[in-house]
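Please look over the sequence and the three-dimensional model shown here before reading the report. The text is best read with the coordinates open alongside.

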Amino acid sequence: MVRIRRRSIDKKVNRLILTFLKAGVLSEDQFVRTDAGTPQGGIISPLLANIALSVIEERYERWVDHQKKLRPRRTCNSIEAAMRIRMSDRKAGRPVYFPIRYADDSVVLVSGTYDDAWKEKESLARYLKDSAKLDLSKEKTHITPAEKGFEFLGHRVRIKWDDRYGYSPRIEIPKQKVLDLRYRIKLLTTRRTLTWSLERLLRKLNPILRGWGHYYRFCTGAKRILYSIDWYVRDRLWRWMQKKYQKASAHEIMRYRRRSVTHNCAVWREGREEQFLMGYLTVERFKRGWMRRPDYALVSGEPDA
């Protein structure tokens, strides 16, 4: 709450956050008080995680948002100054640490040797213990080479060698995420859903496909994976229709394969619902120019701002 009050002077907001912290947990029809921390999946958990992870960014302020050493002769802003310091430190052979966080997930990118990363991990654990009374989880904190890659926010991030361009960063779709999606599609197209109409089944499937496709369409090689999932959905729906209409011929079942309203191809369609095709999504690399400072970061410091 001390760190929150440094950022917000709105008493109503601070009082609401304090109320959430003391709300407790309702588990199996029993009320349990929370003396420390928040329950898993609690509504206040992402806010507290961001407050805790902001301590990490303060440690690496030199390479992220260089504001401490402000000089009158500086002609650039703090973010550009941090970028210049990263470049100069790398050229001089000094290690560079760059943290990235989103909600309660965080990763620290290290430009240096394995020993540099190991020493920084030990130093970070002591720093969190002293400044924020937090313990760095030994089970969840790993040191991974960039060539091997790591998973962050459901994506696999790694550096791969290319004979034309050398080492280049890649953001890929993990194989386990593809298998999990196929399993969810399979559960919706089993015999237990044969009593549903095709329109109802598509109404259940399309939000899953649309959300998954839009989330991973910025990954490297996403087009091939999206097309493969479209083929899998089409095959599962065909098998599901064969089980639903066992006495119908293939020609009668194919009447549900109609021309799409939005694309020049045939899809499974009934009524106003048709199969969502992920393969037609625009696949491109995420551009930093799309990023804008969020509205909640533009607080003037006045109450109710």
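The report below deals with one helix, a buried side chain, a surface patch and several salt bridges.

## Helix α5 and its buried side

The model is predicted. Helix α5 comprises 14 residues, from 78 to 91, and spans 20 Å between its first and last C-alpha, close to the 20 Å expected at 1.5 Å a residue. The buried residues of this helix are Ser-78, Ala-81, Ala-82, Ile-85, Arg-86 and Asp-89. Because these residues cover an arc of only 145 degrees around the axis, they lie on the same side of α5.

The cover over these buried residues includes α4 (61–64) and β3 (96–102). Asp-89 also belongs to a network of salt bridges that links it with Arg-62 and Arg-94. Just after the helix, Gly-93 adopts a positive phi of about 85 degrees.

## Helix α3 and its link to α6

Ile-56 is found in helix α3, which runs from residue 45 to residue 59, and its relative accessibility of 7% places it under the 20% limit, so that it counts as buried. Leaving aside residues up to four places away in sequence, Ile-56 touches Pro-99, Ser-106, Leu-124 and Leu-128. Leu-188, by contrast, is 132 residues from Ile-56 in sequence and 43 Å from it in space, C-alpha to C-alpha.

A salt bridge joins the side chains of Arg-59 and Glu-120, with an N to O distance of 2.9 Å. This pair links distant parts of the chain, since Arg-59 is in helix α3 and Glu-120 in helix α6 (residues 114–132), 61 residues apart. Glu-120 is buried, with a relative accessible area of 11%, whereas Arg-59 counts as partly exposed at 28% relative accessibility.

## Other salt bridges

In the whole structure, a search finds twelve salt bridges. One of them pairs Arg-158 with Glu-172 at 3.0 Å, N to O; Arg-158 lies in strand β6 (residues 155–162) and Glu-172 in strand β7 (residues 166–172), so this pair ties together parts that are 14 residues apart in sequence. Arg-158 is partly exposed at 23% relative accessibility, while Glu-172, at 11%, counts as buried.

Lys-129 and Asp-135 also form a salt bridge, in which the closest N and O atoms are 2.9 Å apart. Here Lys-129 is partly exposed, at 43% relative accessibility, and Asp-135 is exposed, at 62%.

## A nonpolar surface patch

On the surface, Leu-16, Phe-20 and Ile-43 form a nonpolar patch that together has about 310 Å² of accessible area. Phe-20 belongs to helix α2 (residues 11–21) and, at 34% relative accessibility, counts as partly exposed.

Notes
Residues numbered from 1 in each chain as written. Predicted model: local features only at pLDDT ≥ 70, side-chain atom pairs only at ≥ 80, totals over all residues. Heavy atoms only, no water. Helix = DSSP H or I, 4+ residues; strand = E, 2+ residues; numbered from the N terminus. Expected span 1.5 Å × (residues − 1). Buried < 20%, exposed > 50% of the residue type's maximum accessible area, 1.4 Å probe, protein only. Arc of directions from axis to C-beta. Contact = heavy atoms within 4.5 Å. Patch = residues over 30% accessible without salt bridge, like charges linked within 9 Å, V, L, I, M, F, W, Y side chains within 5 Å. Areas by Shrake-Rupley, 256 points an atom, 1.4 Å probe, with all protein chains shown as cover. Salt bridge = Lys/Arg side-chain N within 4 Å of Asp/Glu carboxyl O.
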